[in-house]
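Thanks for coming. I will take a few minutes to go through the inside of one protein, starting with a helix and then moving on to the cores, the cysteines and the aromatic rings.

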Amino acid sequence: MDRAESFEAALKLVPGKTALLVVDMQRAFLDPGEAMEVPPARDVIPQIRALLDLFRGKGLPVLFTEFSYSERAPLLVGDLHPEHRRADSGAPRGFGRPSSSCLEGEGNLHVVSELAPDSDEPVITKFHYDGFNGTVLDSALRARGVTHLVLTGTMTDICVLATVVGGMNREYRMTVVEDATATLWPEIQRATLDIIGRAYARVLTAKQVAEEIGGW
């Protein structure tokens, strides 16, 4: 059995045990002009929207993560990415500057309206890149009987990758949707998906995921 076959055998989605996770599709990353804007993330909204409709239509769990920086817990991420720190009134904002990006209490913290969570869908606030680290994500999934995850969102090479590693370390069987994830640079997108596909998860298109789930 080659690697692709072994991944398929171990990670193929299972009815009743599969959930969709939307990682950090927040205004801070998608709104034009934001300091940490990821323009390609806007291009994957239709694919994520289609998967949301599919999972909701099948009665399958849907969960979201939102990255937050809190002044109550000034973690290292605020030093590495100063954009998350509070911008002074009237001070210029932008890449490398304090810009209140994903800052606790700011409007740009939340998921874009095009992908708005339903009222019964958990939105997991995280303070690290890994959606499992220090959050209730693992418990929320286990409470729903989830063992298999379909991941979408941004940024592929940072928060998506970190969450994939965190999920594998907790024995989740994962599929990453290549045309429903995005980062700033095409070459980094390709390289990250290659790393994921060789070590951590299956990498499929949204159409392939829909075809796999469609017969359930």
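A word on terms before the helix: contact here means heavy atoms within 4.5 Å. Also keep in mind that this is a predicted model.

Start with helix α7, which runs over residues 156-168. Which of its residues are buried? They are T156, C159, V160, L161, A162, T163, V164, G166 and G167. The cover over these buried residues includes the strands β1, β3, β4 and β5, together with helix α8.

Next, the nonpolar cores. The largest has 39 residues, and the members that touch the most others are L20, M25, I48, L51, L52, L115 and V209. Several elements supply at least two residues each: β1, α2, α4, β2, β5 and α9. Of these, α4 gives the largest share, six residues. As general background, nonpolar side chains in soluble globular proteins tend to be buried together.

Take L51 as an example. Setting aside neighbours within four places in sequence, L51 is in contact with L20, T152, V177, A180, A206 and V209. Apart from this core there is another, of 22 residues, and its members include I124, F132, V146 and Y172.

Now the cysteines. How many disulfides does the structure hold? Zero. For C102, the closest cysteine sulfur is that of C159, and at 8.4 Å it is too far away for a bond. A disulfide would need the two sulfur atoms within 2.5 Å. Both residues count as buried: C102 has 0% relative accessibility, and C159, which we met in α7, has 6%.

Last, the aromatic rings. The whole structure contains two aromatic pairs. One is F67 with Y129, a tilted pair with 6.4 Å centre to centre and 35° between the planes. F67 is in strand β2 and Y129 is in the loop between β3 and α6, so this pair ties together parts 62 residues apart in sequence. F67 is buried, at 2% relative accessible area, whereas Y129 is partly exposed, at 27%.

The other pair is F132 with Y172, which is stacked, with 5.5 Å between centres and 25° between the planes. F132 is also in the loop between β3 and α6, while Y172 is in the loop between α7 and β5, so here the parts tied together are 40 residues apart in sequence. Both F132 and Y172 are buried, and both belong to the core of 22 residues.

That is what I had; questions are welcome.

Notes
Residues numbered from 1 in each chain as written. Predicted model: local features only at pLDDT ≥ 70, side-chain atom pairs only at ≥ 80, totals over all residues. Heavy atoms only, no water. Core = buried A, V, L, I, M, F, W, Y, C linked by side-chain atoms within 4.5 Å. Buried < 20%, exposed > 50% of the residue type's maximum accessible area, 1.4 Å probe, protein only. Helix = DSSP H or I, 4+ residues; strand = E, 2+ residues; numbered from the N terminus. Phe/Tyr/Trp six-rings, centres within 6.5 Å; stacked < 30°, edge-to-face > 60°.
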